[in-house]
Amino acid sequence: MMMSLFLAGSSLLSFNTGFAIWILISLIVFLGIMYKFALPPIIKGIEEREQSIQSSLDAAEKALREAEKISKDNEEVVREAERTAQSIRKEATKEVEEFRAERMEKAKEEAEKLIEDAKKSIDQEKQKALQELRKEVTDLTIEATTRLLQKNVDSETNRKLIDETINDLSKN
Amino acid sequence: MFRHVFVSQSLSPLKVAFVTLLVLFGSFGVGLSASATGVANASDADAAETEESSSPIDVMGKIADHDYIESPFGKVYLPRIFWVDGQFYTYSSTKKALTSGDFIEKEGVIYRADETPITIDLSITSHLVYVWLGFILALLISLWAASRYRRGIGRTSAPKGALHNIYEILYLFIRDDVIQGYIPKEKAPRYTPLLFSMFMAIAFMNLFGLLPWAATATADLTVTATLAFVTFIVTQASGTKTYWGHIFNFPGVPLLVKFILTPVEILGLFTKPLALCFRLFANMLSGKIMIISILGLIFIFTELFGATVGIGSSVIWVSLTAVLYGLKVFVALLQAYIFTLLSAVFIGGALEEHHHEEHDVEHDDVKVMDPINA
């Protein structure tokens, strides 16, 4: 009944079938173009941009974390190097100390040895001199005795002889 | 000459009451609006020969569908296409159809010359033109935006320009807050193009109604009903097993209650899109009627109290109309948003996958016994 009206849409609450068919066809065409041509680049474009923003944010965060890690590593390395340097210095000081002590010890020993050697050689020389002296004294005594025995005139002569011998001895 | 044909020729008391009710909600000039429609109605009877209505304002004529579009340069008559008994008839205007002799007009209704009623009237009407304009504008802006995204603006860089930014704000708002808010996230991308297209088209159709000479396509029940029909079809097509289960065999409910619940649920299938359809229709129509009625007060006052009062009071009516126009801009976008939102809610409801334990009888018993939840 309604659709047979001259222009059914003119009454406020009526439903116009012909008009509805037109709208449906237009809507399908409209949605078709929107689906096929208009919306895909928009949807994809915005999605791409959102993804790129998200990925750059992620990358930035990752880079920040990496940088933090690297700086921490660097610190660790520096500290390690400092530790190593300190230990090397300590060791070196110790070695030097040891070396010096060793050298001192050696020098001392050598000096002592030298002194001992000198002492020994002095002793030897002294012994040698004493021996020689003893031999001389013996020789002189023998000579004096011989002379005494040969020219035993008086005691005065003897005393003179002995004195001469002693003088000779002291001269030597 | 043919004006009378388009003004509702059969205003039943029910329809008059409905219009009056709309006006009652819309403006405070109840009596005046009623008289305005009354005058428009009365003019139908005797305006058969006069082109100019005797009424100072013609509310029904402004909101009804026509076979011409009004432009700032005058009326442009639209082609008529009739489908009668399996035969197509096309004429460039109503006048041509009548002068051709194939069609006759009787009491405002067009019949074929042999008095066969028209089966389907496929004429291009003013509302259809504004539906097309809404679609075309939505398409043009979307295609423009698409070409920008294709060129890389907005894809690799930020969007440039006010229009592009507004477009993207609307898109992101519809996608993130409307669609993803009510449709499960993994299924949302399937419905984003449809709902965003609907939003754009409805918003432009609503906004076209703001032009003084233009018609609001969404203030036509046929348009909103067709749009709601699309939502209805999409909702039912995407219904999950759980959704249908909840309609025909509500889990966890005694058998006796099911006999009451199932018809209610089936009724609910249709009331939801119906509400969607009427909400948009009534909101857009009431805005239109409000503007016409309030501006019409100038002419009614002139007729009642003389030109001085009419012109003097026009300051009030014009400023009130200006305020209402601001409101209408807001309502135009708001109603497009609400239509999209409710469509998303209905589709989201149909997509829901409930875990059945939630509705188990024992589970419900536990809930009832819980003193906090009870």
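**Helix α1 of chain A and its contact with chain B**

I'll start with the packing: α1(A) and α6(B) are roughly parallel to each other, because an angle under 35 degrees counts as such and their axes cross at roughly 10°. The same two axes come within 8 Å. In that contact the residues divide into 20 nonpolar, four polar and one charged. Bear in mind that this is a predicted model.

Now the helix itself. In chain A, α1 covers residues 17-150, which is 134 residues. At 1.5 Å a residue it should span 200 Å, and its end C-alpha atoms are 189 Å apart, so the two figures agree. There is a kink of about 55° at A:Leu39. The proline A:Pro40 comes shortly after that kink.

Next, burial. How many of the 134 residues of α1(A) are buried? The number is 12, so the helix lies largely in the open. Among the buried ones are A:Phe19, A:Trp22, A:Ile23, A:Leu27, A:Phe30 and A:Met34. A:Leu39, where the kink lies, is buried as well, and so are A:Pro41, A:Ile42 and A:Gly45.

What do these buried residues pack against in chain B? One partner is α6 (126-151), which we have met already; the others are β7 (120-121), α7 (162-182), α8 (188-208) and α9 (221-237).

Last, the interface as a whole. Contacts between the chains involve 38 residues of chain A and 50 residues of chain B. On the chain A side, the residues touching chain B comprise 27 nonpolar, nine polar and two charged.

Definitions and conventions
Residues numbered from 1 in each chain as written. Chains lettered and ligands numbered in written order. Predicted model: local features only at pLDDT ≥ 70, side-chain atom pairs only at ≥ 80, totals over all residues. Contact = placed C-beta atoms within 7 Å. Nonpolar A, V, L, I, M, F, W, Y, C, P; charged D, E, K, R; others polar. Helix = DSSP H or I, 4+ residues; strand = E, 2+ residues; numbered from the N terminus. Expected span 1.5 Å × (residues − 1). Bend = angle between axes of the 7 residues up to and from the residue. Buried ≥ 20, exposed ≤ 12 C-beta atoms within 10 Å, placed from the backbone. Axes fitted to C-alpha atoms, helices over the stretch in contact; angles between N-to-C directions. Parallel < 35°, antiparallel > 145°, perpendicular 65-115°, else oblique.
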